[in-house]
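Pull up the model and keep the sequence beside it. We'll take a walk through the fold, one chain after the other, and then see where the chains meet.

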Amino acid sequence: MTRIAAGIFAALLAVAGSADTSPRQAQRVPLPVIRIEQGEACVAPVEEMRRNHMAMLLDQRDRTVREGIRTTRFSLKNCVECHASRKTGSVLGKDGFCSSCHTYAAVSMDCFECHTPLRQSRTASAPR
Amino acid sequence: MSPDRRQFLGWGAAAAVTAAGAALAPGLRLIELAQARSPEEAASALQRWGLLIDITKCTDCDVCVTACSKENGWTGHGRPETDPQWIRKVSLRDKRTGYAQTLPLMCQHCEHPPCVDVCPTGASFRRDDGIVLVDKHTCIGCRYCVMACPYGARSFVHETVSGQKSDVPRGKGTVESCTLCVHRVDRGETPACVEACNRDGGKAMVFGDLNDPSAEIHRRLRAEPSTQVRADLALNTGVRYRGL
């Protein structure tokens, strides 16, 4: 009896495993939309940006607010200028550069409670 | 009250800086007077930003308030009790003579700010160049500073904010006040209220470095009588009034 049960369990596992790797299943996972709107390269390599962008922003924020150092390289304003969507002018929204990944990773971000998510410079294709 | 050791050393250092800044020879200084900073440079204690407001020239307009609101993106919701107020016009009237005056009142950018003393998180702070600010990243919205400020200069953001200016982040649950347009000052410009007053108003406001002997504000403060609001509190305000 136990042997049959174990057999059924193994079969189920095998089915589940094969289902996971099937392309149809993979497509159901809502991957983040990463659309680079502007420029060839970011301020650091992509891998470093993905791991450490929050640390860069945190350091820059204290330097700017407390000491008045206003270099643009790691500033949030600079992020938004490049990465805001051409269509909406924002880094938030469904396919927004920031919100798309943060939704996927289930990490909430508080930046845009106070900071504007909109690009300030006007471009021909963007509304703002 | 006799000066303690720390204060005495401070005076010595101040005297040394003044002597060095004053000049070895014309155009030659030991310590160069700070000019407009580059973006990489931190704000320094060599400068102390301040305002001189000549109330005799202050007319009955409110261009300073309008300009501040436009520059910093704060607006009211028709609820005067809770609306943000970075700068306001105050009217004074001598009850006996009927003599009326009007003046703009905002954060006085004290050297010894009570709002900084009471802040439990260190969010309320004084930058090295004398500008008193709120670091909204660490502000928990307790409003102790609102209570502590003798000028009623601070306000609390009660409403969800949207459409902020990129240079002036604002958010619900934090305290805010006049920043002396710190984003403009860091670019080497003057605050929005001063610019507006000199363009459309009574030309009553002068902005500048209180430590710079060549600055107009320094010259005028030396030559003309001026007062601090609530000078009895000995806060050494950065905003001075003339004709009060």
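Which helix do the buried residues of H5(A) pack against? Keep in mind that this is a predicted model. The answer is helix H4 of chain A, residues 76–83. H5(A) itself spans residues 97–105, and its buried residues are A:Phe97, A:Cys98 and A:Ser100. Right after H5(A) comes A:Ala106, with a positive phi near 55 degrees. That's worth a glance, since most residues other than glycine have a negative phi.

Now zoom out to the whole of chain A. Its secondary structure consists of six helices and zero strands, so to speak a plain α-α-α-α-α-α when you read along the sequence. Chain A has 128 residues, and 21% of them count as buried. If you take the contacts in chain A between residues at least 6 apart in sequence, 52% of them join residues at least 24 apart.

Over to chain B, where the inventory reads seven helices and nine strands. This chain runs to 244 residues, of which 34% count as buried. For contacts in chain B with a separation of 6 or more, 58% come from residues 24 or more positions apart.

What sits inside? The largest nonpolar core has 44 residues, and B:Ile53, B:Cys193 and B:Met205 are the ones with the most contacts inside it. Several elements of chain B each supply at least two residues of this core: the strands E1 (49–54), E5 (132–134), E8 (205–209) and E9 (239–242), along with the helices H2, H5 (182–185) and H6. H6(B) gives the most, with five residues. There is also a second, separate core of eleven residues, and this one includes A:Val91, A:Leu92, A:Phe97 and A:Phe112. A:Phe97 is a residue you've already met, as one of the buried residues of H5(A).

Stay with B:Met205 for a moment. Which residues does B:Met205 contact, leaving aside its neighbours within four places in sequence? They are B:Leu51, B:Ile53, B:Cys193, B:Val194, B:Cys197 and B:Asn198. Two of those names, B:Ile53 and B:Cys193, were listed with B:Met205 as having the most contacts inside the core.

H6(B) deserves a second look for its packing against another helix. Two packed helices are described by the angle between their axes and the distance between the axes. For H2 (residues 63–72) and H6 (residues 192–200) of chain B, the angle is about 135 degrees and the axes are 8 Å apart. The two helices are therefore oblique to each other, and H2(B) passes H6(B) in a right-handed crossing. On the H2(B) side, the residues that meet the partner are B:Val63, B:Cys64, B:Ala67, B:Cys68 and B:Glu71. From H6(B) come B:Ala192, B:Cys193, B:Glu195, B:Ala196, B:Cys197 and B:Asp200. By class, this contact has eight nonpolar, no polar and three charged residues.

Next, the loops of chain B. B:Arg143, in the loop between E5 and helix H4 (144–148), has a positive phi of about 70 degrees although it is not a glycine. Is B:Arg143 buried or exposed? It falls in between: B:Arg143 is partly exposed, with 14 other C-beta atoms within 10 Å. B:Cys181 also has a positive phi, near 50 degrees, and its place is in the loop between strand E7 (175–176) and H5 of chain B. B:Cys181 is buried, with 26 other C-beta atoms within 10 Å.

B:Gly163 makes a nice contrast in surroundings. Look for it in the loop between strand E6 (155–156) and E7 of chain B. B:Gly163 is exposed, with 9 other C-beta atoms within 10 Å. Its C-alpha atom and that of B:Thr56 are separated by 37 Å, for two residues 107 residues apart along the chain.

Finally, where do the chains meet? 14 residues of chain A are in contact with 16 residues of chain B. On the chain A side, helix H3 (46–67) and helix H6 (111–114) each supply at least two residues. H3(A) has the largest share of that side, four residues. The chain A residues that touch chain B divide into three nonpolar, five polar and six charged.

Methods
Residues are numbered from 1 along each chain as its sequence is written. Chains are lettered from A and ligands numbered from 1 in the order in which they are written. This is a predicted model: local features need pLDDT of at least 70, side-chain atom pairs count only at pLDDT 80 or more; totals for chains, interfaces and linings use all residues. Axes are lines fitted to C-alpha atoms, for helices over the stretch in contact, and angles run from 0 to 180 degrees between N-to-C directions. Angles under 35 degrees count as roughly parallel, over 145 as roughly antiparallel, 65 to 115 as roughly perpendicular and the rest as oblique. A crossing is left-handed if the near helix is turned anticlockwise from the far one by less than a right angle, and right-handed if clockwise. Two residues are in contact if their C-beta atoms, placed from the backbone, lie within 7 Å. Ala, Val, Leu, Ile, Met, Phe, Trp, Tyr, Cys and Pro count as nonpolar, Asp, Glu, Lys and Arg as charged, and the others, Gly among them, as polar. A residue is buried if 20 or more other C-beta atoms lie within 10 Å of its own, exposed if 12 or fewer, and partly exposed in between; C-beta atoms are placed from the backbone. A nonpolar core is a set of buried Ala, Val, Leu, Ile, Met, Phe, Trp, Tyr and Cys residues joined through C-beta atoms within 7 Å.
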